[in-house]
Amino acid sequence: MTDRYLTAVLEEAERVAEQHNQVAQSADNQAHEYLRYAVLRLLEGETGERPHALQLDGVTVGYGSDEAMFDSWSDAVEWWDHIPPQEGCTRFRIFYPAEYETVPRTIVDAMGALGAWRVWSGDAAACGSYDHRDRREVHYLWREGHPIEARLVDRLQSPDAATPDGGQTGDMRDRMVVAESSSQSDDLDPRTRRAVTEEMSISLLEKGGRYEVRSGSGNRYEVDVVSESCSCPDWQQRAPDGGCKHLRRVDLEIKRGSVPRPDGRLPKTSI
């Protein structure tokens, strides 16, 4: 592992915290969520600032709780013949082109920087990955509470760190404090006030942060809390700072625990 990979992972995790903080708003361990999403973005090339050392085309990354994956796949695949499901661990499934005879060094070094360890590799089709039948895959485990999480927390709490809303003021912070009380909502930004008071029905469309919002008038809109976007005219035409009323309402319902989290997990408690 080299310093450049560790730096790249931490810097991208900071960007995730600033620009895509929805991925962790309902998580118990936000630093863990920021870091694993940062690695996905780096390896898949979703960030425009990916360092040259991490440039590798044709990589797809999936991740989730190791125990949840076991519950989904059971022992029908050969992964579990090597290491049984581990409590408190994220399992990364990384697909890469079959032309590589061994796991590409970029993947090895990026996962090493995260502090993850390899537990399985093989042909993707051999374990039911039919969408990637012409590729290979490698699995890594990464435990919650790894010291890199504390490194990220220190960076996010430093005096030079950006504000949690990505540098925007007002709107995004309103979304953090809205409540049912009309006396509290009177002083809110107009879009946030409408998000709190108007009748809306929220449902999770797809794991990864896509929700459907049905307004009181019967209109349906699709909200993506990861990309911070909505299909409504307000967002499409104006893209207001802090999001449209639908994006803010989904954000509020996630915090309330009244809808599933962006990763599809059911909320533990309601507020």
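**Two sheets and their helices: a short tour**

Hello everyone, let me start with a strand you can find straight away. Along β6 the side chains take turns: Tyr 211, Val 213 and Ser 215 point to one face and are buried, while Arg 210, Glu 212 and Arg 214 point to the other face and are not buried. By buried I mean under 20% relative accessible area; exposed is over 50%, and partly exposed lies in between, using a 1.4 Å probe and protein chains only. In a regular strand, side chains alternate between the two faces of the sheet.

A word on where this comes from. This is a predicted model, in which local features need pLDDT of at least 70 and side-chain atom pairs count only at pLDDT 80 or more, while totals for chains, interfaces and linings use all residues. Residues are numbered from 1 along each chain as its sequence is written, and side-chain values use heavy atoms, with hydrogens and water left out. Helices (H or I, at least four residues) and strands (E, at least two) are DSSP runs, numbered from the N terminus.

So, which sheet does β6 belong to? It sits in an open sheet of four strands, ordered β5-β6-β7-β8, with antiparallel pairing. Two strands pair if DSSP finds at least two bridges between them. The edge strands are β5 (200-206) and β8 (229-230), each pairing on one side only. Helix α10 (residues 245-256) packs on this sheet and touches β5, β6 (210-215), β7 and β8. Contact here means heavy atoms within 4.5 Å. The direction of α10 makes about 80° with that of β5; axes are lines fitted to C-alpha atoms, for helices over the stretch in contact, and angles run from 0 to 180 degrees between N-to-C directions.

Let's walk across the sheet. β5 and β6 pair in the antiparallel sense over six bridges, and Met 200 stands opposite Ser 215 in β6. These two strands form a hairpin with three residues between them, and Gly 208 in the turn has a positive phi of about 115°. Next, five bridges join β6 to β7, with Arg 210 opposite Asp 224 in β7. That hairpin has four residues between the strands, and Gly 218 takes a positive phi near 100°. Finally, two bridges join β7 (residues 220-224) to β8, again antiparallel, and Asp 224 stands opposite Ser 229 in β8.

Those turns had glycines, but two other residues deserve a look. Most residues other than glycine have a negative phi. Glu 228 has a positive phi of about 55° although it is not a glycine. Glu 228 lies in the loop between β7 and β8 and is buried, with a relative accessible area of 16%. Ala 239 also has a positive phi, about 45°, and is found in the loop between α9 (233-238) and α10. Is Ala 239 buried or partly exposed? At 39% relative accessibility, it counts as partly exposed.

The UniProt record, an unreviewed entry, annotates residues 221-255 as "domain: SWIM-type". UniProt positions follow the numbering used here, feature names are shortened, and annotations may be inferred rather than shown by experiment. Over residues 221-255 the chain is 49% helix and 17% strand, with the end C-alpha atoms 20 Å apart.

One side-chain pair to point out: Thr 192, in helix α8 (residues 190-197), is buried at 2% relative accessibility. Its side chain makes a polar contact of 2.5 Å with that of Arg 248. A polar contact is a pair of N or O atoms within 3.5 Å; within protein, one must be able to donate a hydrogen and the other to accept it, and residues adjacent in sequence count only if both atoms are side-chain atoms.

Now to the other sheet. It is open, with four strands in the order β1-β2-β4-β3 and antiparallel pairing. β1 (60-65) and β3 (117-123) stand at the edges, each with a single partner strand, so one side of each is left without a neighbour in the sheet. The twist averages 20° from one strand to the next. Helix α2 (residues 30-44) packs on this sheet, touching β1, β2 (89-97) and β4, and its direction makes about 165° with that of β1.

To finish, the axes of α2 and helix α5 (residues 147-156) come within 9 Å and cross at roughly 100°. That makes α2 roughly perpendicular to α5; under 35 degrees counts as roughly parallel, over 145 as roughly antiparallel, 65 to 115 as roughly perpendicular and the rest as oblique. Thanks for listening!
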